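Grab a pencil and work through a few short exercises on the structure below. Each one comes with a solution you can check step by step.

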Amino acid sequence: MEVLRHTLPNGLRMAHKPTANGQVSHFGITINAGSRDEREDEQGLAHFIEHCLFKGTERRKAFHILSRMDSVGAELNAYTTKEETVIYASFLNSHFKRAMEVVADIVCRSTFPEKEIAKERDVMLHRAQVPHL
């Protein structure tokens with residue numbers, strides 16, 4: 001199946017890919033910002049911001065962001081690379097509108113609540129201190 005791509009006037013790129021069986025789709029928004037855009041004293045900031053996007057929007061608290069997709073068996077996730085940050089969802093086609101609305105809400109209306117930022121900061125600092133195997 002063909003990937004449908006669109007670039008918004010502000011530079012955000014969107015992609016939608018229905019699967020071959022026609023029942024499941026994937027939708028995501030790519031932001032042209034990643035770890036390469038960090039100064040040396042900001043290392044890890046892009047990944048931190050990616051996590052904070054899910055902590056609340058003007059319309060939803062953190063719990064409601066994830067449960068909106070979980071309640072219909074859909075996946076909502078994100079990742080950060082050197083080049084970009086991607087927020088995406090995988091869902092049954094019947095939930096396309098819901099997925100697009102939730103992803104857009106995260107990208108365009110995140111509020112970065114201070115309490116949630118403090119919690120995420122502690123998680124990220126703890127991860128940085130734990131030796132990796």
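**Exercise 1. Work out how helix 2 and helix 3 pack in this predicted model.**

Solution.
- Start with the general idea: a packed pair of helices is described by the angle between the two axes and by how far apart those axes are.
- Here, helix 2 covers residues 62-70 and helix 3 covers residues 96-109. Their axes are 10 Å apart, at an angle of about 160°.
- Now name the arrangement. An angle over 145 degrees counts as roughly antiparallel, so helix 2 is roughly antiparallel to helix 3.
- Add the handedness: helix 2 and helix 3 make a left-handed crossing.

**Exercise 2. List the residues where helix 2 meets helix 3, and sort them by character.**

Solution.
- From helix 2, take Ile65, Arg68 and Met69.
- From helix 3, their partners are Arg98, Ala99, Glu101, Val102 and Ile106.
- Sort them, and you get five nonpolar residues, three charged ones and no polar ones.

**Exercise 3. Explain why Cys52 and Cys108 form no disulfide.**

Solution.
- Recall the chemistry: a disulfide covalently joins the sulfur atoms of two cysteines.
- Set the cut-off: the two sulfurs must lie within 2.5 Å.
- Check the distance. For Cys108, the closest cysteine sulfur belongs to Cys52 and is 17 Å away, which is too far for a bond.
- Count up: the model has zero disulfides. Cys52 is in none, its nearest cysteine sulfur being that of Cys108.
- Compare the surroundings, too. Cys52 is buried, at a relative accessible area of 1%, whereas Cys108 is exposed, at 55% relative accessibility.

**Exercise 4. Place Glu50, decide whether it is buried or exposed, and find its contacts.**

Solution.
- Locate it first: Glu50 sits in helix 1, residues 45-52.
- Next, look at accessibility. Buried means under 20%, and Glu50 has 7% relative accessibility, so Glu50 counts as buried.
- Finally, skip the neighbours within four places in sequence. What Glu50 then contacts is Ala78, Tyr79, Thr80 and Thr85.

**Exercise 5. Say what stands out about the backbone of Phe112, and where this residue lies.**

Solution.
- Begin with the usual case: phi is negative for most residues other than glycine.
- Compare Phe112: its phi is near 50°, a positive value, and this residue isn't a glycine.
- Then find the spot. Phe112 is in the loop that runs between helix 3 and helix 4 (114-129).
- Last, check exposure: with 31% relative accessibility, Phe112 counts as partly exposed.

Notes: Residues numbered from 1 in each chain as written. Predicted model: local features only at pLDDT ≥ 70, side-chain atom pairs only at ≥ 80, totals over all residues. Heavy atoms only, no water. Buried < 20%, exposed > 50% of the residue type's maximum accessible area, 1.4 Å probe, protein only. Axes fitted to C-alpha atoms, helices over the stretch in contact; angles between N-to-C directions. Helix = DSSP H or I, 4+ residues; strand = E, 2+ residues; numbered from the N terminus. Parallel < 35°, antiparallel > 145°, perpendicular 65-115°, else oblique. Left-handed = near helix turned anticlockwise from the far one by under 90°. Contact = heavy atoms within 4.5 Å. Nonpolar A, V, L, I, M, F, W, Y, C, P; charged D, E, K, R; others polar.
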